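This report describes one protein chain at the level of its helices and of a few selected residues. The sequence and the structure are shown first, and the description follows.

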Amino acid sequence: MRKHLKRFLPDHQALIGNRWLAPFAGTLLHPRLWHLNRHSAAGGVAVGLFCGLIPGPFQMLGAAILATLFRVNLPLALVTTLYTNPLTIVPLYFVAYHLGRLVLLREGGAFVAPPEPGDGGMLAWIGALGDWLLALGEPLALGLVCLGLLLALAGYGIVRTAWRAYLLYAWRRRRYRQPPPPPPPPNPFP
């Protein structure tokens, strides 16, 4: 499994030589952030799933901070945040809102879709998005945290289980592999 995923990861020596990463060499170039094993991959996926629900463009920044804090695979954490996009964010926030209402034991209150980006520009849209979040208030905030934790736990468990199943499969395949047949004897009659 590691061989397949390593094809997509950047080389550690290339990262050390990057002049843009030089100020952060002590933290971002820590070997555990780039090492790929069962724990770091599962942790990276869990961090990415949790941070994917952060509103706005701060998902990857949050994933990078948490991956650095927990010393899990940084590239997987960043890539995993991409499960939220314009097509999935509204259903996820809908589920989070209702989960928050369920946890708070509240009734009523309809879910309102987020504002669309308009002609006012990015700053106006971000302001409208903030107002939308404040209007939904406590149920959405608590629901986002609860849903993020549930997704992170599920992602961590699934990756750990899948990695272990793959290792057991590879081990059994190696163990029970038949030795290759001996080569045929040379033909004495040309």
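Helices, as the word is used here, are DSSP runs of H or I of at least four residues, numbered from the N terminus. With that in mind, Leu105, which comes just after helix H8, takes a positive phi of about 55°. The model is a predicted one, and what follows should be read accordingly.

**Overall make-up**

The protein chain contains nine helices and zero strands, so that, by the DSSP assignment, its elements from the N terminus on run α-α-α-α-α-α-α-α-α. Of the 190 residues in the protein chain, 29% are buried. Among the contacts of the chain with a separation of 6 or more, 68% join residues that are 24 or more positions apart.

**Helices H6 and H8**

Helix H6 covers residues 59-70, and because each of its 12 residues is taken at 1.5 Å, a span of 16 Å is expected, which agrees with the 16 Å that separates its end C-alpha atoms. Helix H8, residues 89-104, has 16 residues and reaches 22 Å from its first C-alpha to its last, close to the 22 Å expected at 1.5 Å a residue.

The buried residues of H6 are Gln59, Gly62, Ala63, Ala64, Ala67 and Thr68, while in H8 the residues Leu92, Tyr93, Ala96, Tyr97, Leu99, Gly100 and Arg101 are buried.

**The contact of H5 with H6**

The axes of helix H5 (residues 38-51) and H6 come within 9 Å and cross at roughly 145°, and H5 passes H6 in a right-handed crossing. On the side of H5 the contact is made by Val47, Phe50 and Cys51, and on the side of H6 by Gln59, Gly62, Ala63, Leu66, Ala67 and Phe70. Sorted by character, these residues comprise seven nonpolar and two polar ones, with no charged residue.

**Three residues in and after H6**

The accessibility of three residues in this part of the chain is set out below.

| Residue | Relative accessibility | Class |
|---|---|---|
| Gln59 | 14% | buried |
| Thr68 | 18% | buried |
| Arg71 | 24% | partly exposed |

The cut-off explains these classes: because buried means under 20% relative accessible area, Gln59 at 14% counts as buried and Thr68 at 18% does too, whereas Arg71 at 24% counts as partly exposed.

Gln59 has its place in helix H6, and a polar atom of its side chain lies 2.8 Å from the backbone oxygen of Gly52. Leaving aside residues up to four places away in sequence, Gln59 touches Cys51, Gly52, Ile54, Thr81 and Thr84; Cys51 is also one of the H5 residues that make the contact with H6.

Thr68 likewise has its place in H6, and a polar atom of the Thr68 side chain lies 2.7 Å from the backbone oxygen of Ala64, which is itself among the buried residues of H6. The C-alpha atoms of Thr68 and Arg32 are separated by 9.0 Å, although these two residues are 36 residues apart along the chain.

What follows H6 in the chain, and what is the sign of its phi? H6 is followed by Arg71, whose phi is positive, with a value near 55° in a residue other than glycine. Arg71 is found in the loop between H6 and helix H7 (74-80).

Definitions and conventions:
Residues are numbered from 1 along each chain as its sequence is written. This is a predicted model: local features need pLDDT of at least 70, side-chain atom pairs count only at pLDDT 80 or more; totals for chains, interfaces and linings use all residues. Side-chain values use heavy atoms; hydrogens and water are left out. Helices (H or I, at least four residues) and strands (E, at least two) are DSSP runs, numbered from the N terminus. The expected span of a helix is 1.5 Å times one less than its number of residues. Buried means under 20% relative accessible area, exposed over 50%, partly exposed in between (1.4 Å probe, protein chains only). Axes are lines fitted to C-alpha atoms, for helices over the stretch in contact, and angles run from 0 to 180 degrees between N-to-C directions. A crossing is left-handed if the near helix is turned anticlockwise from the far one by less than a right angle, and right-handed if clockwise. Contact means heavy atoms within 4.5 Å. Ala, Val, Leu, Ile, Met, Phe, Trp, Tyr, Cys and Pro count as nonpolar, Asp, Glu, Lys and Arg as charged, and the others, Gly among them, as polar. A polar contact is a pair of N or O atoms within 3.5 Å; within protein, one must be able to donate a hydrogen and the other to accept it, and residues adjacent in sequence count only if both atoms are side-chain atoms.
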